[in-house]
Amino acid sequence: MTVIQSIYRFNKSVSLILTFLLFFSMGATAQEINLFNPIAANAELDLLKKQINTNNVKASFLNIARTQALDILSNASICNERSSIERNRLEVRFAPLKDIDADVAPAIFDQRNAIRGLLDEATARQISCAGARDEAISIVELISNLQEELSEQYLSYRSKNLIEEMIGFPAQIKDSLSKYKNAQNLNLIADISTTSLLLLIFLGGLIATGLDAFIRKKSKKLLLNDASPSLMSRILTQPLARHSSSLLIGLVVTLILYATILDPSLDRMIIRIGLSIFLFGVTSIVIDWATGDDSPAAEINGLIPDHIKPLRFRLALLQISLIASFIVFGTNWLTIRLIDPDVTGRAAIIFLVSTSLLYAHLYLGKIPGLENKFRVIRSVITMVLIVSIIAVIIGYQNFSGYLIHGITRSSIALFLVWIMLWLITMSFEYLTKNDTPTAITIRQNLGIKKEASRTGLGFVQLITDLVIWLSLFVYLIYVWDSSGTTVDRLFELIILGGKVGNIQLVPAQLIGGMLIFTALLGLIGWLKRWIDRRWLQHIVIERGAREALITLFGYVGFIIALLFGLTQAGVDLSGLAIVSGALALGIGFGMQEIAGNFVSGLILLFERPIRTGDFVSVGEIEGFVRKISIRATEIETLDNQNVLVPNAELVSGRVTNWVLRDTQGRLRISIGVAYGSDVKKVQEILEKIANEHTEVITDGRAPAPRALFMGFGESSLDFELRCRINRIDRRFTVQSDINFELDAAFREAGISIPFPQREIRIIPQDNESSSTKQVKKKTSKRQESLALPIDSITRSHQEEVEINTSSKILWQSIVDIQLLKKWLIEDGEITPRIGGTYNLNLKNGDTIRGKIDVLIMRRKLRLVEAPRDDEEPLSSGPITTEFIIHEDGDKVKLTISVIGIPAIEEWEEDFNRSQNNWQLALKELRAMYTNS
């Protein structure tokens, strides 16, 4: 792969990501590349080469020349690549025409000559572009070598030492003041005199002082009224109010100077003085926060409160020295390495900054939490600062400035990274642990559930941290690179790549491919949620059909994202034919099951014999279908175990889908009673208890419950109770409820449930006479009834109310937390879906929480109460609260049933309180709609 392909594909990746933002600029760039003139480029390169070969070349010129040469190199490479493509195309067209004779086919011969002319032009342009590219490469290498030589000369240059400069400083004051006076001519706009400027600055200072007093008073009032201010309030309010004077004065003075001077810039010291006042306020706020209670530094052992004042004092000295260096040297101090070493006061400023840095740095080792941490790094920094101080004293100002420059900018960068990582950690903690509207909205937009938010956001946090640390690494290279070429070379390596064996690896293409793949996957995930929310929920009623369409869309989107990513990464998709053949061969031999499961997954998605949410039985596995993937289907059993069943088993095996057509099903309960029992009474009890259960269908939609006398058993009269229930997946719970009621009813009616009777005889094996034979053991013992736990017998109560409203409004009152507060609770939350949770604080002081078990929109809702924190689960099963809405003309009846309260003395008070609570709640509900 050529250099031009690397650059071209990198530009293409950028254009894919920033298509709309860079549309016009990309068009202009493409036009400039198409108009690239290799002759003019060669002339420009020759001029650069002549200027570089002069003896008085400066570092600033080398930087400009390097940029120009790299631009020519990029354009020449693209020109060469495009010309090569055009040449190959024309050669293919010319190949069948090269032997055409003019006498045989004159028209075709003319076409041959036209193509030949275009081919010659393309060849000549390719040669010219290749020559310009090669010349640009040689000039870039020449500039790099010169920059390295200048860097070595710069660092080894020795000027006046600190003592010599201090001795000669008085003599230079007059000359320096004269130069400064000439250089600092204010050049004010018309009608503005120096006196007017001073008056404006004075008035601006008064306004800033007034605003400062207002802000201090307002912040103090806010903090006094807020008993527990938030973290953001503490961070923004207190430090801002404490240093608002310098912030406002510096800002006002700077704005006045920029408005009254014709050519304002940081080259003017008076503007730097005004801006330095503002910078002093900003840095003071940062220092106060970084060493305060609300920063991550508060977690350092022993820092607060013993070491706060000494540390802030040392940081203030460093702050003043850096601001003084900014006032004296301007932006040169922290942006340009090669400045004039003979500037008056430069050695003193370097000495001041280095000593203040060392003074603050040495104190960090006295803090207990940092005493034994980062000892190697702190020792290296201490050594570098001491060397810089010695270097500036003996006259090596450039070398000392290089060290101080690196330490200062590295420290600032590390401090910013520290803050960013802390903010990112706090943001992710906020998203994963909080239930505020903002956190919930962000999680919903990202498609992440709270219980899986840490896993879902972990990848995003990893990528964010990786980008920050890589950026810091590149920045540190830039800071400590004395020649200023290492970052450029690193960037060239990333763009141009290199060969590993016979493979050309281009990091920019690989990174671009991964970024495009990741971005497209995120976009596809958002589109899936958007399509489901905006379209499919209004077009397709069944949830299983919606999920099937969304799943197929996800698979197609994944393939498209993968193809885009591979294309950007430089993978030749024509080679996929070979890979596809090998894959087909592998499927034929060793991947038959995977292929079978894949095809079976497609069958399940299209045919939909099994849908998400269905209750199915597959062999010994029984549970709810949670997810149908392309390889396996996830089934959640009643024990909350998630089992992955290969799709091939669901397609080719025997599967029972209990709710394929509807959720109803028949329940059969077999029971035997003792001989001599009143069979009519048994039938009456069985049918009565079945009719009273809320889950049993008794409204005519299915056959009524019926008790059948099945026969005469060995020890019992056998009966079978058959009834239809609303949710067949709830058959075990319903059967358990009916069995409890049957046991209680039979005990009350005096009907016993027999057990098998057996007679055991022991016959001796010896041949004794009949007169001496004795029976060793002959027993016939009736087995006692098994004793149930005392709390397995439960009580229930049912409350009803008729309301003159619609079922829709009544249903909204049950599931809407705001309406629910008006007649039942003080506060709480409820998620109206199957499996959703609820946590309600009732008006009588009770707290109930649990999950929703049954949800039939505008008709039925069942709440399954979770055990309390200090109690074990009830042996009789959880307490359930069921809301059933019946419509009868204009009136709607609401029935509330509370089932499963243990019928023991300890629960008597809970039963009475539950009964009174729901009676009062229904009265309030009726009153609310009667008044409205």
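Let me start with helix H24 (residues 679-692), which lies across E8, E9 and E10 and runs at about 20° to E10, where contact stands for heavy atoms within 4.5 Å, and where axes are lines fitted to C-alpha atoms, for helices over the stretch in contact, with angles from 0 to 180 degrees between N-to-C directions. Helix H25 (residues 731-749) also packs on this sheet, touching E8 and E10, and its direction makes about 30° with that of E8. Before going on, I should say that this is a predicted model, in which local features need pLDDT of at least 70 and side-chain atom pairs count only at pLDDT 80 or more, while totals for chains, interfaces and linings use all residues. Residues are numbered from 1 along each chain as its sequence is written, and side-chain values use heavy atoms, with hydrogens and water left out.

The helices (H or I, at least four residues) and strands (E, at least two) are DSSP runs, numbered from the N terminus. The sheet under H24 and H25 is open, with 3 strands in the order E8-E10-E9 and antiparallel pairing, two strands being paired if DSSP finds at least two bridges between them. Strand E8 (665-673) and E9 stand at the edges with a single partner strand each, so one side of each is left without a neighbour in the sheet. From one strand to the next, the twist averages 25°. E9 and E10 run antiparallel and are joined by 6 bridges, and Phe712 has Leu717 in E10 as its bridge partner.

Turning to aromatic rings, those of Phe, Tyr and Trp (its six-membered ring) pair if their centres lie within 6.5 Å, and planes under 30 degrees apart count as stacked, over 60 as edge-to-face and the rest as tilted; the count comes to 9 aromatic pairs. The rings of Phe709 and Phe719 have centres 4.7 Å apart and planes at 10°, so this pair is stacked. Phe709 belongs to strand E9 (residues 706-712) and Phe719 to strand E10 (residues 717-725), 10 residues apart.

Another open sheet has 5 strands in the order E6-E5-E4-E3-E7, with antiparallel pairing. Its edges are strand E6 (642-646) and strand E7 (655-657), each with a single partner strand, so one side of each is left without a neighbour in the sheet. Neighbouring strands here are turned by 40° against each other on average, direction ignored. Within this sheet, 4 bridges join strand E3 (residues 615-618) to strand E4 (residues 621-628), and Val618 stands opposite Ile621 in E4.
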